[in-house]
Amino acid sequence: MAGYNLEAIEAAPLKDDLDIVIPTIRSLDFLEQWRPFLHHYHLIIVQDGDPSIKIRVPEGYDYELYNRNDINRILGPRANCISYKDGGCRCFGFMVSKKKYIYTIDDDCFVAKDPSGKDINVIAQHIKNLETPSTPHYFNTLYDPFRDGTDFVRGYPFSLREGVQTAISHGLWLNIPDYDAPTQLVKPRERNTRYVDAVMTIPKRVLYPMCGMNLAFNRELVGPAMYFGLMGEGQPISRYDDMWAGWAAKVVCDHLGFGVKTGLPYLWHSKASNPFVNLKKEHKGLHWQEDMVPFFQNLRLSKESDTAAKCYMEISNMTKEKLTKVDPYFEKLADAMVVWIEAWEELNPPVKKKQSDGKDVKAK
Ligand SMILES: O=c1ccn([C@@H]2O[C@H](COP(=O)(O)OP(=O)(O)O[C@H]3O[C@@H](CO)[C@H](O)[C@H]3O)[C@@H](O)[C@H]2O)c(=O)[nH]1
Ligand SMILES: [Mn+2]
C-alpha cells in the first residue's frame with residue numbers, strides 16, 4: 001500500500017514506546033529463548049499466587065516486578081478489582097505502564113517459525129499491524145491491504161481506503177490451540193500446525209473471542225477498556241478474563257472508530273492446561289457466554305462517551321442493568337469495573353494540554 005514504509009516500521013523497534021506485560025504463576029525461563037526479539041524492551045511482570053516465592057528474571061532484561069503485596073500497596077482497597085490466581089492479573093501491568101503500546105504474552109509461549117523456517121519476530125509484526133490502519137467498514141478479500149505486496153481489491157470504495165486507526169492486534173498460536181475445556185476433552189491430541197499467512201480486520205459490529213496469550217494494543221486509545229475482569233480465587237468464574245476484555249474493547253473500538261486486526265504473528269504455545277481443571281474454572285462461563293455475547297452485540301454507547309474510560313463506565317452500568325439477572329456475580333463485576341477505571345485514572349492522570357504560550361488549555 002503506497003504511503004506506508006513498512007520496512008521502516010519493521011526496523012524501528014519502538015523500544016521506548018512499548019512495554020511487555022507477563023502474568024506468571026510459574027517461571028520466566030521462557031524469556032531465555034525470546035532474548036533476540038524481546039531483550040530491548042522493558043518488561044512488566046505480574047507475579048500471581050504466593051508473593052513470598054522469589055521468581056528469577058533471566059539476566060539482562062530490564063524489568064519491574066509486582067506481586068500481590070505490591071498490588072495491594074499501590075492500589076490499597078482498590079486492589080480487589082485485580083484478579084488473584086488467574087492470568088487476568090496481567091491488567092495490573094497495563095495500568096502501571098506509561099507506554100503507548102502494550103504487548104502481553106503468556107509464560108508458556110515460545111518463538112515460532114514461519115513456513116520458510118525463519119524465527120517470527122512477534123513484536124515487529126504487531127507493530128506493523130498497529131501502525132497501519134484497519135478497514136472495519138468493508139472487507140478486503142485480499143485481507144490487510146496495508147501489508148507489503150498487496151492492496152485494496154477492485155470494487156473497494158476509494159472513500160473507505162484511508163481506513164481507521166488500529167487499536168488492537170490479536171496474534172495467533174501454533175501447537176496448542178486456545179480451546180475451551182469441552183473441546184480440549186474431545187480433541188486431546190489436536191495441534192495447530194496450520195500457518196495462515198494473513199492479517200485481517202475484524203469487521204465493525206462483529207465480536208470475536210480475544211485471547212490474551214499473544215496480544216498487542218494501543219493503551220492510549222483503549223487501555224481503560226482492557227480490563228480482564230474479576231476472575232480466579234474467590235470468584236465463580238475463571239478463564240474468561242481475556243474474553244470479557246475482548247468483547248468490551250471491541251464494542252469500545254467500534255464506538256470510537258478504531259480497528260481490530262487478527263492473524264499474524266504466530267507464536268508457539270507449548271503447554272496444554274489441564275482440561276478437567278479448566279472445566280471447573282470455566283463451566284459457568286460456558287453457560288453465561290450465551291448471554292454475555294448477545295449483551296455486547298446489542299450494546300450501543302451514547303455519543304457523550306467519547307473516551308475509552310467513559311465508554312467503560314457506561315458498559316459497567318449496562319452490565320449491572322442487563323446481566324445481573326443472569327447471575328448476581330455481574331453486579332460485583334460491574335462494581336469492579338468502576339473501581340478499575342478509578343484506579344486507572346489515579347495512576348494515569350490526564351495530561352494537561354499546553355497553549356503556545358505555555359499555559360494550560362482551559363477545559364471546555
Ligand atoms: O492462576 C494463574 C494461572 C495462570 N497464570 C498465568 O497466565 C498465563 C496463562 O496461563 P496458562 O498458560 O496456564 O493458561 P492457558 O489455558 O494455556 O491460557 C489461556 O487461558 C487464558 C485466559 O486465562 C490465557 O491468556 C490463554 O492463553 C500464564 O502466563 C500463567 O503463568 C497466572 O498468572 N495465574
Ligand atoms: Mn498456556
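**Helix contacts and two loop residues**

Let's start in a loop. Arg154 lies in the loop that links helix 5, residues 122-131, to strand 6, residues 166-175. One thing before I go on: this is a predicted model. Back to Arg154. The UniProt record places a "glycosylation site" annotation on this residue. Is Arg154 buried or exposed? Its relative accessibility is 82%. The cut-off for exposed is over 50%, so Arg154 counts as exposed.

Now to the helices. How do we describe a pair of them? For two packed helices, we give the angle between their axes and the distance between the axes.

Take helix 8 and helix 9. Helix 8 covers residues 241-256, and helix 9 covers residues 275-298. Their axes come within 10 Å. They cross at roughly 15°. Angles under 35 degrees count as roughly parallel, so that is what we call helix 8 and helix 9. The crossing of helix 8 past helix 9 is right-handed. Which residues make the contact? On helix 8, look for Trp244, Trp247, Ala248 and Val251. On helix 9, look for Gln289, Met292, Val293 and Phe296. Sort these contact residues by type, and you get seven nonpolar, one polar and no charged.

Stay on helix 9, and turn to its contact with helix 10. Helix 10 runs over 308-323. Between helix 9 and helix 10 sits a loop, and Thr307 is in it. How accessible is Thr307? The value is 35% relative accessibility, so Thr307 counts as partly exposed. Compare Thr307 with Gly87. In sequence they are 220 residues apart. In space, their C-alpha atoms are 26 Å apart.

What about the axes of helix 9 and helix 10? They come within 11 Å, and the crossing angle is roughly 130°. That angle makes the pair oblique, because roughly antiparallel needs over 145 and roughly perpendicular means 65 to 115. Helix 9 passes helix 10 in a right-handed crossing. From helix 9, the contact uses Asp291, Met292, Phe295 and Phe296. From helix 10, Ile315, Met318, Thr319, Lys322 and Leu323 take part. By type, this contact has six nonpolar residues, one polar and two charged.

One last look at helix 9. Met292 and Phe296 appear in the contact with helix 8. Met292 and Phe296 also appear in the contact with helix 10. Find those two residues in the structure, and follow each contact from there.

Conventions
Residues numbered from 1 in each chain as written. Chains lettered and ligands numbered in written order. Predicted model: local features only at pLDDT ≥ 70, side-chain atom pairs only at ≥ 80, totals over all residues. Heavy atoms only, no water. Axes fitted to C-alpha atoms, helices over the stretch in contact; angles between N-to-C directions. Helix = DSSP H or I, 4+ residues; strand = E, 2+ residues; numbered from the N terminus. Left-handed = near helix turned anticlockwise from the far one by under 90°. Contact = heavy atoms within 4.5 Å. Nonpolar A, V, L, I, M, F, W, Y, C, P; charged D, E, K, R; others polar. UniProt positions renumbered as here; feature names shortened; annotations may be inferred. Buried < 20%, exposed > 50% of the residue type's maximum accessible area, 1.4 Å probe, protein only.
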